[in-house]
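Please read the following report alongside the sequence and the coordinates, which are shown just below.

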Amino acid sequence: MFNSELSRREVLRAIALTVAAGGLTTADAQHVHEMAAAEKVASGGAYKPKLFNDHQYATLKQLCELTIPGANEGGAPEFIDLLSSHNTELAVLFTGGLAWMDDECQRRYQATFLASKPEEQTALLDLIAYRRNAHQEGLGHGIRFFDWARRLTADAYYTSAPGIKEIGYQGNTAVAKFEVPQEAVEYALRRSHLG
Amino acid sequence: MFQIIRNAPVYDVVIVGSGAGGGTATKVLTDLGISVCLLEAGPMLNPAHDFKEHMWPYQVPHRGVGDDASGYFGRSPYGFGYFSATFGNWELEGEPYTTAPGNQFRWFRSRIVGGRTNHYGRISLRLADYDFKSYTRDGVGTDWPIGYDDISPYYDKAESFIGVTGSKEGIRSAPDGIFQKCPPPRVHEVLVQKACQKLGIPCIPSRLAIITQETNGRPPCHYCAQCGRGCISSSNYSASQVQVFPALKSGKLQLITNAMARELISDDEGKVKAVSYVDKTTRTEKQVRCRAVVLAASACESARLLLNSKSSRHSNGLANSSGQVGRNLTDSVGYDLSAHIPALENLMRHNSDGMGGMHVYVPWWLWDKKLDFPRGYHIEIGGGFGMPQVGTTSSTCENHEGYGKDLKNAIYRDFGTRVGLSGRGEMIPNEHTYAEIDPNVVDEWGIPVLRFHFQWTDAELKQVDHMEQTFTAILETMGGKILGSHHPERHSGQKISIGGMIIHEVGTVRMGDDPAKAPLNKYSQAHDVKNLFVADGGPFVSNPDKNPTLTITALSWRMSEYLAEEMRKGNV
């Protein structure tokens, strides 16, 4: 499985070995170098929010983590902040949505979302995570917001190294021969009743 | 500003455009010792630097959706995603095109050495024998002036040189060629094959321009499935890596990049003597002189160049005494349907990347049946555990809803369960579909732009209905639940692709024996201008359900050998 910085270089090294005539050129080497540099930029250092204030960002982090456990490690809050800082539609969706959550929690629990008890936080998510609750007075806004929050959180997590590992993607590597495990074929055939 | 260099060299051949047609002409002509000047409207390509092969999504902070998140709002600046090697898009800044009121058409252009071959799907299908004589068979459209036997040797040459996977099947609609071994079907492809078998539909190994054995010094595929990002090891066909770069070492090729052809300059005898182009880097106008010219700028761009090459002798544009330049424009009919396949839920994880494309496909199988539409389509298959990207989990998020561990389990369960079928079918040329010069609009180089007219007809709409029925049957036979845009009650006009979106535009400078009806003769040589040739999709007389690139390559090869021979004889 290749999902660390180091492994990526191994992939490229494997490719280089595959390139029969003389390995990597100078330009190739430069490319690898730039890639590694980009990786560090993408993964290193503490992130400073560009759009959200401290309270908003802390709320977002809590929401992301509840939505997809591990999302903070996968960089979901950074991803959402970065994109929202460059896109007014997203900025309105998220600043408005986070404010809505605080408002709703104040009404229900007399506290912000962050200050609400864990079971209160999940009780709110139990409502806004499902379209079937849209008929309930005032929940439509929360449901629409959570739809976006869930989508971006999942996108961020499952395109991160830990998310890619968790979902079980095993490609993006150089192999000499492409093979399909017979066990996998039989599993699918059996379940499809086509076998 | 005009800059004419009086003692500039005269090249044997100037080729405009470095994609499949121009790349092939460059290779064949330089191999035959002919001096070539190749004009490319975009910059030089450096695969090692420009291709994003093997990058993980987390290597860019926006994960591929674009810094401004435009991908979430259907306005991605990347055409086929951030990681793709498209180097172009549906819209190019400073180089607009227009559509006539009430018409829709989208035009994909890649300004780069190699053009759209850097990212294309590599699907490589021969036209069938009957495809050349469809008018004779069903009374619709026009026959080609050539037959299968004329082009077959050039398919052989093209396949041998660029390398194409496949298997001998003996199916009339999908003629066999010179094939390299195709890797085995992925799990979901086995299911599609089994379902097709039940329904009496053939589903055979793919024909892709990807090499699975070393070919002319190019190493075989390393099965990373990222052909669309460009292949650093040149294990798939791109005109840049496979034809233009090697030709640069021949000493016979002068490549001029950032050269936007404006006009062909004719002499008093009506022959082309030079190509006028805009040097984009200095914004100056330059000319390159030649004995012959090959247009391979893409079907629409070549038509534009001819229509813009007006003179007192050619008031209609060059090589256009037939009035057919820009006419007979077609794209492939496109329709897609996908399903969630429960049989694939929680499938044991394995590397299913493989080649950059499907390992099996469905060739047209009803060519001898009477249907309520003419011609046919083939089916392309998508699925497998692709590299996770923005959007991979959207469908589960939307359908499963919820959050937390429960949502994660559903995402794990659903990964790799989506199977998509895409139909690519034949459109019949019609009088309402063509490109012309927009009388009011120029691009940033001052060159008048194209205005498109595009209408589907009943023939295409009925074909899409047939696709929908067939795809639904295949997916449901696999136990699938149709996803997304499945609305059987919709009119077929809402299901069919927008014209141009399949990026198979051809026909705008067609060939034919009668100079009154076709700009080119059967060798892709202009009837009106003996030293003018066209080597892209322009010469196509029809647009059968076979992706055009392989046929562009074969026709260009044939044209190039003919041109070389005519030059040797002193006829050009």
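What follows is a short account of three loop positions in chain B of a predicted model.

Two of these positions have an unusual backbone in common as a topic, and they are taken up before the third. B:Ala319, although it is not a glycine, has a positive phi of about 60 degrees, and its place in chain B is the loop that runs between helix 7 (299–308) and strand 12 (333–340). B:Ser524 is likewise not a glycine and has a positive phi of about 65 degrees; this residue belongs to the loop between helix 11 (492–495) and strand 19 (532–534) of chain B.

The third position is B:Lys280, which is found in the loop connecting strand 10 (272–279) with strand 11 (284–295) of chain B. Leaving aside residues up to four places away in sequence, B:Lys280 touches B:Asn258 and B:Met260. B:Lys280 and B:Tyr523 are separated by 243 residues in sequence, and their C-alpha atoms are 32 Å apart in space.

The table sets out the surroundings of the three positions.

| Residue | Other C-beta atoms within 10 Å | Class |
|---|---|---|
| B:Ala319 | 30 C-beta atoms | buried |
| B:Ser524 | 29 C-beta atoms | buried |
| B:Lys280 | 18 C-beta atoms | partly exposed |

Is B:Lys280 buried or partly exposed? B:Lys280 counts as partly exposed because 18 C-beta neighbours lie inside 10 Å, whereas the class of buried residues begins at 20 or more. B:Ala319, with 30 other C-beta atoms within 10 Å, is therefore buried, and B:Ser524, with 29 such neighbours inside 10 Å, counts as buried too.

Technical notes. Residues are numbered from 1 along each chain as its sequence is written. Chains are lettered from A and ligands numbered from 1 in the order in which they are written. This is a predicted model: local features need pLDDT of at least 70, side-chain atom pairs count only at pLDDT 80 or more; totals for chains, interfaces and linings use all residues. Helices (H or I, at least four residues) and strands (E, at least two) are DSSP runs, numbered from the N terminus. A residue is buried if 20 or more other C-beta atoms lie within 10 Å of its own, exposed if 12 or fewer, and partly exposed in between; C-beta atoms are placed from the backbone. Two residues are in contact if their C-beta atoms, placed from the backbone, lie within 7 Å.
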